Amino acid sequence: MTLRHVVTWKMAAADPADRAAHAAGVAARLEGLVGVVPSIRALSTGVNALEIDGNWDVTLVADFDDAAGLDAYQVHPAHQEVVGYVRSVAGGRSAVDFEV
């Protein structure tokens with residue numbers, strides 16, 4: 001089994017340029033976890049490319065062997081550092097975890 005972890009965030013900033021910069025910062029920090037957090041099997045991020053009403057700003061798709069791998073990722077110090085930044089710029093978060 002592979003567990004896929006998908007998270008999307010809406011940035012808190014009202015200014016589109018600030019939102020885009022914060023989203024890019026989130027994506028870069030998350031991508032920096034590859035090779036640092038051992039339980040990550042695959043990870044990709046995407047910053048919203050179209051200004052469509054209702055779109056969120058940045059998305060993470062990460063794969064883990066199982067729930068224990070996701071749990072290890074969640075508490076890893078490097079991930080916790082990223083969480084601090086994300087919480088400082090995000091205005092909303094949505095997530096889903098499913099088996100693939």
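Which residues have the most contacts inside the largest nonpolar core? Before I answer, please keep in mind that what we have in front of us is a predicted model, and that I will walk from the core to the pocket and then to one buried acidic side chain.

The largest nonpolar core has 23 residues, and those with the most contacts inside it are Trp9, Val26, Leu30, Leu33, Leu60 and Tyr73. If we ask where these residues come from, the elements giving two or more residues to the core are strand 1 (3–11), helix 1 (16–31), strand 3 (58–64), helix 2 (67–75) and helix 3. Among these, helix 3 provides the largest share, which is five residues. As general background, nonpolar side chains in soluble globular proteins tend to be buried together.

Let me take Leu60 as one example from that list. Setting aside residues up to four places away in sequence, Leu60 touches His5, Val6, Val7, Trp9, Leu30, Leu43, Ser44, Thr45 and Tyr73, and Trp9, Leu30 and Tyr73 in that set are also among the residues with the most contacts inside the core.

Now to helix 3, which runs over residues 77–89 and holds Val86. Is Val86 buried or exposed? Its relative accessibility is 8%, and because buried means under 20%, Val86 counts as buried. With residues up to four places away in sequence again left out, Val86 touches Trp9 and Val26. Val86 also lies 9.6 Å from Leu30, C-alpha to C-alpha, although the two are 56 residues apart in sequence.

Val86 brings us to the largest pocket, which holds about 230 Å³ of space. There are 14 residues lining this pocket, and the closest to its centre are Trp9, His79, Val83, Val86 and Arg93. Strand 1, helix 2 and helix 3 each supply at least two residues of the lining, with the largest share, six residues, coming from helix 3. As to chemical character, the lining divides into eight nonpolar, four polar and two charged residues.

Finally, I would like to turn to Asp63, which is found in strand 3. Why does Asp63 count as buried? The reason is that its relative accessibility is 12%, and the cut-off for buried is under 20%. Leaving aside neighbours within four places in sequence, Asp63 is in contact with Thr2, Leu3, Arg4, Ser39, Ile40, Arg41 and Ala42, so a reader opening the structure at Asp63 will find Arg4 and Arg41 among its contacts, where contact means heavy atoms within 4.5 Å.

Notes. Residues numbered from 1 in each chain as written. Predicted model: local features only at pLDDT ≥ 70, side-chain atom pairs only at ≥ 80, totals over all residues. Heavy atoms only, no water. Helix = DSSP H or I, 4+ residues; strand = E, 2+ residues; numbered from the N terminus. Buried < 20%, exposed > 50% of the residue type's maximum accessible area, 1.4 Å probe, protein only. Core = buried A, V, L, I, M, F, W, Y, C linked by side-chain atoms within 4.5 Å. 1 Å grid on protein atoms, 1.4 Å probe; cavity = no way out; pocket = protein on both sides within 12 Å on 5 of 7 lines; lining within 4 Å. Points joined across faces, edges and corners; volume = space filled by probe spheres on them. Nonpolar A, V, L, I, M, F, W, Y, C, P; charged D, E, K, R; others polar.
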